[in-house]
Amino acid sequence: VWNSKNFWVNMQSCAQGLGKVRYDLMDTVCWEYVFPDPSYTRVKTSALEGTDENDPLLAVLDLPASWVDPIELSPKAFETRCPKGTKTIVHRDGTTELFAPYLREDGLVRRI
C-alpha cells in the first residue's frame with residue numbers, strides 16, 4: 001500500500017483471504033513502513049520532550065531531492081496525447097492512425 005509520502009508492507013498472513021486483513025497502517029505489527037516519518041508515530045510529543053535530538057533511534061531517513069524538474073502538462077496537452085492530436089504508425093501490412101478523443105467531429109479515434 002502506498003500514498004504520496006510512504007510505502008507500507010503487509011506483515012499479515014493472507015492465507016484465509018483478504019477479509020481478515022486489518023488495514024490500520026499505524027499498527028506496526030500488521031504493517032511495516034518503508035520510510036520512517038515522524039507524522040506517523042503514535043508516541044505523543046510530550047513523551048519525546050527532554051530526549052536527545054541526536055539519538056539514532058529518533059533519526060528519520062531523509063530522502064535526497066529529485067534531480068528532475070516536476071512535469072508540467074496542461075489539461076489540453078494531456079487530452080491531445082500526441083503532437084497535434086494524431087499519430088500514424090506504419091506497419092509492414094498497413095497503417096494505423098490514432099486520434100485524440102474529441103479531436104475529430106465524427107468521433108473517430110483509430111483508423112486501420
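This is a short selection-by-selection tour of a predicted model.

**Stop 1: the three-stranded sheet**

Start with strands E3, E4 and E5. They form an open sheet in the order E3-E4-E5, and the pairing is antiparallel. Now colour the two edges. Strand E3 covers 86-90 and strand E5 covers 110-111. Each has a single partner strand, so one side of each is left without a neighbour in the sheet.

**Stop 2: the E3 and E4 pair**

Select E3 together with E4. Five bridges join these antiparallel strands. Follow the chain from E3 into E4: the link is a hairpin of four residues. For one pair of facing residues, pick Val 90 and Thr 95; Val 90 stands opposite Thr 95, which belongs to E4.

**Stop 3: the E4 and E5 pair**

Keep E4, residues 95-99, and add E5. Here two bridges join the strands, again running antiparallel. Show Glu 97 and Arg 111 as sticks. Arg 111 is the bridge partner of Glu 97 in E5.

**Stop 4: Glu 97**

Centre the view on Glu 97, which lies in strand E4. Is Glu 97 buried or exposed? Neither label applies: its relative accessible area is 24%, so Glu 97 counts as partly exposed. The cut-off for buried is under 20%.

Next, display its contacts. Leaving aside residues up to four places away in sequence, Glu 97 touches Lys 87, Thr 88, Val 109, Arg 110 and Arg 111. Put a distance label between the C-alpha atoms of Glu 97 and Lys 87. The separation is 5.7 Å, although the two residues are ten apart along the chain.

While the strands are on screen, keep one general point in mind. In a regular strand, side chains alternate between the two faces of the sheet.

**Stop 5: the nonpolar patch**

Switch to a surface view. Select Trp 2, Phe 7, Val 9, Met 11 and Val 34. Together they make a nonpolar surface patch of about 530 Å². Zoom in on Val 9, a residue of strand E1, which spans residues 8-10. Val 9 has 42% relative accessibility, so this residue counts as partly exposed.

**Stop 6: the cysteines**

Finish with Cys 14 and Cys 82. How many disulfides does a search of the whole structure find? The count is zero. The two cysteines can still be described by their accessibility. Cys 14 is partly exposed, because its relative accessibility is 36%. Cys 82 is buried, because its relative accessible area is 17%, and the limit for buried is under 20%.

Technical notes
Residues are numbered from 1 along each chain as its sequence is written. This is a predicted model: local features need pLDDT of at least 70, side-chain atom pairs count only at pLDDT 80 or more; totals for chains, interfaces and linings use all residues. Side-chain values use heavy atoms; hydrogens and water are left out. A disulfide is a pair of cysteine sulfur atoms within 2.5 Å. Buried means under 20% relative accessible area, exposed over 50%, partly exposed in between (1.4 Å probe, protein chains only). Two strands pair if DSSP finds at least two bridges between them. Contact means heavy atoms within 4.5 Å. Patches are made of residues with over 30% relative accessible area and no salt bridge: like charges are joined within 9 Å, nonpolar side chains (Val, Leu, Ile, Met, Phe, Trp, Tyr) within 5 Å. Accessible areas come from the Shrake-Rupley method with a 1.4 Å probe; for residues, only the protein chains shown count as cover. A salt bridge is a side-chain nitrogen of Lys or Arg within 4 Å of a carboxyl oxygen of Asp or Glu.
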